Amino acid sequence: MTGRLHPVPTTSSPQPSSLPPPNPFPSSLRRLLLKPPQPISRYTATAIKAALQYTRKPQFSGTAPRVVVITSGKGGVGKTTTTANLGISLARHGFSVVAIDADVGLRNLDLLLGLENRVNYTLVEILNGDCRLDQALVRDKRWSHFELLCISKARSKLPIGFGGKALIWLVDALKNRPEGCPDFILIDCPAGIDAGFITAITPANEAVLVTTPDITSLRDADRVTGLLECDGIKDIKMMVNRVRGDMIKGEDMMSVLDVQEMLGLALLGVIPEDSEVIRSTNRGYPLVLNRPPTLAGIAFEQAAWRLVEQDSMKAVLVEEEPKKRGWFFSFFAYHRRYHYPNQQFTLQHHLPFPPPSLSHKATIA
C-alpha cells in the first residue's frame, strides 16, 4: 500500500520570545533587593567591622621571640588561667609558644593544661646537667606548637645562685635551639613582689597585668606597674578579669572604664565572670577549647589576637535610655505631681478597686 506521508499534528507551543522571563529570586527576596539601601548606624558599622576582623589570621608584630610576663602582684586574680588560655589560643593560630611556669613551690600551670603527669624534668635539672632542654620541654598533644617548661618540681628548693640570669640563659637557649626560635615565650609570674617576681620579669620585654575590678587588686596592680617600669618594661597592657555586668549596672563594682582611668594602661581584654572557668580548670582543659565557646573563651581569643598584633581595645561609656512606661503610669505620675505636689501616694490609693491580694484577704475575712 503506497501513499503520501502526512505530518502528525502537534499542539502549538509558545515561541521562546513569548515565554515569561526566568525568576531566580522569590518575591520577598526580590523586594528586598530592589529596596533602596538604608544608611547603617555607627554602632552597626563597628559591630560588622569587629566581626570581620576575626575571620583572618592575625599578623605577627615585633621580633621573635616576644617574651611576655603575665603578672599581677595579688594572688588569685587569674594569672595562670590567662597564661594557659592565651598560650593555647596563640598555638591555635599557628604560632609557636613556650609557656614557663615561674612559680617555684606552687606551680599550677601544668594542672590547667592537663600535663601534670608528663612533667619529668624542670629547669633545675637542665642547669644541673641532668637532662637536655628538649627533654624538659613538654609538648601538648592537642597543639604541637605549644610547649611547657616548669622551673622546679613541687616542694623542691632552688639552688642558691638561681635568679634572673638563669631565665635569661633559658631564653637565649630557646632562641638558638635546632628546632627554631619560638614566636612567644609566656612567663607565668608568681604572686607577690619578692625574689620570685624579680626573677620572672628579668628576661621579659612585654608585660600583661591581670587585675580584677576591686580596690585591693587595683592597689597591687598599681604597685607592680611601677616596678615593671623601673625594670625597663614599657610595653604593659592590662587584662580585667571576672567582670560582672549586673554589679556594674547596680554600681556595686567598678566599671572597666574606671579601672583603666585609675591604672592608665592600655586595655588588652575584658574577661567576664564565667562558671565554666572552674569546670575547665578541674578537667585540665583550657577554656578556649570548649565548643560551643563561652563568653570568657571568646574574650581570651580576642585578647590573644590583640597580643599578636600589639593592639589594644578601648573601654567606652554607654548610657542606656530609660524604659518607657505605659500611658496609665504616665498619667498617674502627672496627676500626682500636679494635684498633690507635697504628698506621698502609692498606686493603690488611686485605683478604683483594691489589688487582687487585698480583695482576696477581705473575702476570706
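The largest cavity in this predicted model holds about 60 Å³ of space. In fact, the structure has just 1 cavity of 30 Å³ or more. Ten names make up its wall, if you want to trace them on screen: Thr81, Ala84, Asn85, Leu112, Val277, Ser280, Thr281, Tyr285, Pro286 and Leu287. Two elements each give two or more residues to this lining, namely helix 3 (79–92) and helix 12 (276–283). Sorted by class, the lining has 6 nonpolar and 4 polar residues, with no charged ones.

Next comes the sheet. Its 8 strands form an open sheet with mixed pairing, and reading across it gives the order 3-4-2-5-1-6-7-8. The two ends of that row are strand 3 (138–139) and strand 8 (266–272); each has a single partner strand, so one side of each is left without a neighbour in the sheet. In general, the strands of a sheet pair through backbone hydrogen bonds, either parallel or antiparallel. Here, strand 2 (residues 97–101) and strand 5 (residues 184–188) go for the parallel sense, pairing over 5 bridges. To find a spot on this pairing, look for Ala99, which stands opposite Leu186 in strand 5.

Helices lie across the sheet's strands too. Helix 3, already met in the cavity lining, lies across strand 1 (66–71), strand 2, strand 4 (146–150), strand 5, strand 6 (206–211) and strand 7 (235–243). Relative to strand 5, helix 3 runs at about 165 degrees. Helix 11 (residues 256–263) lies across strand 6, strand 7 and strand 8, and its angle to strand 7 is about 150 degrees.

Conventions. Residues numbered from 1 in each chain as written. Predicted model: local features only at pLDDT ≥ 70, side-chain atom pairs only at ≥ 80, totals over all residues. Heavy atoms only, no water. 1 Å grid on protein atoms, 1.4 Å probe; cavity = no way out; pocket = protein on both sides within 12 Å on 5 of 7 lines; lining within 4 Å. Points joined across faces, edges and corners; volume = space filled by probe spheres on them. Helix = DSSP H or I, 4+ residues; strand = E, 2+ residues; numbered from the N terminus. Nonpolar A, V, L, I, M, F, W, Y, C, P; charged D, E, K, R; others polar. Pairing = 2+ DSSP bridges. Contact = heavy atoms within 4.5 Å. Axes fitted to C-alpha atoms, helices over the stretch in contact; angles between N-to-C directions.
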